[in-house]
Amino acid sequence: MLRPKAFWAALYLLLMLLPLLIGEWAARTAGLERRPWLDEWASGLGMIGFALVLLSFFLLGRFKPLSGWLGSDLLMQTHQLFARTAVLMLLLHPFFYSLWRAPPGPTSTSAAEVLRIGGGSWGLVTGVLALGCLLVLVASAIWRQRSDTSYERWRLMHSALALAVLGLGLHHTLVSGRFAQFGAVASVWWALAGLALLSWLWVYGVRPLWQGAHPYRIEKLERCADRIWRLEIAPRSPKGARFRAGQFAWLKLGQRWPHRDNPFSISNAPGEGGRVQFLIKEAGDMTRGLAQHTVGDTAYLDGPHGRFDLPPEATAVVMHAGGIGVAPFVSLLADAVARQDPRPLRLIYADKHRNQMVDVVALSGADALPDFQLLPMVEQPDAAWEGLAGRLDANGLAKALAHPAVAPLANTACHLVCGPEPMMDAVETALVTRGVPPERVFSEHFKYDFSGLSPLAKRMRQTWWGLSAASLLGLVLALVWR
């Protein structure tokens, strides 16, 4: 039986090849004349690339069953990695047409004719515009952290460019795609584009309207550490969000504009009268304005999403939190208290200064657990500090795992990791290096770095390379078959 991730990989490969496979089947059935091999290759690259573009909309559609099954981490990484595959295929596919190497034609020959683009000049125009929008979209996403663009402005631009790529790319595909003359192929393109558009409308239209009909009210807003706020909201109507411990939600305060929501981990246990709590660090455009809000203000919630829970099969769990990455662990511990989880639970909680650390035990009630211990670690301790000293990297993790409370469990426990990307990369690498199987290391990311060096990051990139190569192999086999 396929595991969820293996099933997802096979399904994703099939979907990215679906228009091509149906096109080749329709062409073979109709006896369509073969073009030069490189022309067919170029056409296939374009079809796979545009299929990936359309699938990317669905990945970000915030569909709870999908994110709850696979986890938002896997969906987001699939989106970001395969966006690179799509750009490369779409950027290269015109250069494989054989006429690029043919002798120049008459001066009256148009670019569309040279590229064998159907639909005349409009097919060329929409194709070039779609590719240009896609390049800007992907480049702005990759380099957003290095720019001065606010998150909200980037979200607005990202959504607008995505919609432009969808419309322009669909026009180019339908009027210029050789296989689009077949009804079956055109139907597939319309179906995929329709699902992509519905995904976009779900996030930027339907969900904001639903949120307006189900608002929340700020019940508590208080500082619980330096630059850390505890926010509690409750539904104004009887129906509130039902969530599992460790999940996150997209949050908006005071307004419903769809591009102004931000993701935050939920930090309380489920079933508390519909109330939802967050631990939020002042770090961005929205979070720096938290102090402007007061009890009674309106909040809007899109969630819950994701999957980051205590593995039921684990005999023991060691949690690794860096900074505000402690938030989902507060939720997991509070839920464990409610269930009276008897397993050994350990939390290694690291931050730069002790005044930036929240009181995990008070917030979660973890002192009521049968077998729990907190191991705080501070990078810059003061003279009165009695906990672990250092940064939660390979060296700091070695200190923590050597602690008498953790050492007997370290190699047999499941490990959960959440925090800044460099810290997560270091912890994941150190855990696998010391012999913990990657299948027992679970991570919750909110940012993704393509240069991550941990075995888990490398494994994901290897899967991406493998599926991208498999799509090219599928293209070769389809051409040989016809």
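In this predicted model, Arg227 is found in the loop that joins β1 (216–225) to β2 (228–235). The backbone of Arg227 has a phi near 70°, a positive value in a residue that is not glycine. Most residues other than glycine have a negative phi. With a relative accessible area of 32%, Arg227 falls between the limits of 20% for buried and 50% for exposed, and therefore counts as partly exposed.

Gln340 also has a positive phi, of about 50°, although it is not a glycine. Gln340 is placed in the loop between α9 (327–339) and β8 (345–351). Because its relative accessibility is 41%, Gln340 is classed as partly exposed.

A further backbone feature concerns the peptide bond from Gly303 to Pro304, which is cis, with omega near 5°. Most peptide bonds are trans. Pro304 itself belongs to strand β6 (residues 298–305).

The packing of helices may be followed at α1 and α4. Helix α1 spans residues 4–30 and helix α4 spans residues 72–92; the two pack at an angle of about 35°, and their axes are 13 Å apart. Their crossing is right-handed. On the side of α1, the contact is made by Lys5, Trp8, Tyr12 and Met16, and on the side of α4 by Leu74, Leu75, Thr78 and Phe82. Sorted by class, the residues of this contact are six nonpolar, one polar and one charged. Lys counts as charged and Thr as polar, so Lys5 and Thr78 are the charged and the polar member of the contact. Three of the residues named in this contact, Trp8, Tyr12 and Phe82, are also linked into a cluster by ring pairs.

Aromatic pairs occur elsewhere too, and the structure holds twelve of them. In one of these, the ring centres of Trp200 and Tyr204 are 5.1 Å apart and the planes stand at 35°, so the pair is tilted; the angle lies between the limits of 30 and 60 degrees that set tilted pairs apart from stacked and edge-to-face ones. Trp200 and Tyr204 both lie in helix α8 (residues 183–213), and because they are four residues apart there, about one helical turn separates them.

The pair of Phe264 and Phe278 has another geometry: this pair is edge-to-face, with 6.5 Å from centre to centre and 70° between the planes. Phe264 lies in strand β4 (residues 262–265) and Phe278 in strand β5 (residues 276–281), so that the pair links distant parts of the chain, 14 residues apart. Both Phe264 and Phe278 are buried.

Aromatic rings also meet charged side chains. Arg62 lies over the face of Trp250, at 3.8 Å from the ring centre. Likewise, Arg207 is placed over the face of Trp210, where the distance to the ring centre is 4.9 Å.

The last residue to consider is Thr433, located in helix α12 (residues 421–433). Thr433 counts as exposed because its relative accessibility is 64%, above the limit of 50%. Thr433 and Arg256 are 177 residues apart along the chain, and 46 Å separates their C-alpha atoms.

Conventions
Residues numbered from 1 in each chain as written. Predicted model: local features only at pLDDT ≥ 70, side-chain atom pairs only at ≥ 80, totals over all residues. Heavy atoms only, no water. Axes fitted to C-alpha atoms, helices over the stretch in contact; angles between N-to-C directions. Left-handed = near helix turned anticlockwise from the far one by under 90°. Contact = heavy atoms within 4.5 Å. Phe/Tyr/Trp six-rings, centres within 6.5 Å; stacked < 30°, edge-to-face > 60°. Buried < 20%, exposed > 50% of the residue type's maximum accessible area, 1.4 Å probe, protein only. Lys NZ or Arg CZ within 6 Å of the ring centre and 35° of its normal.
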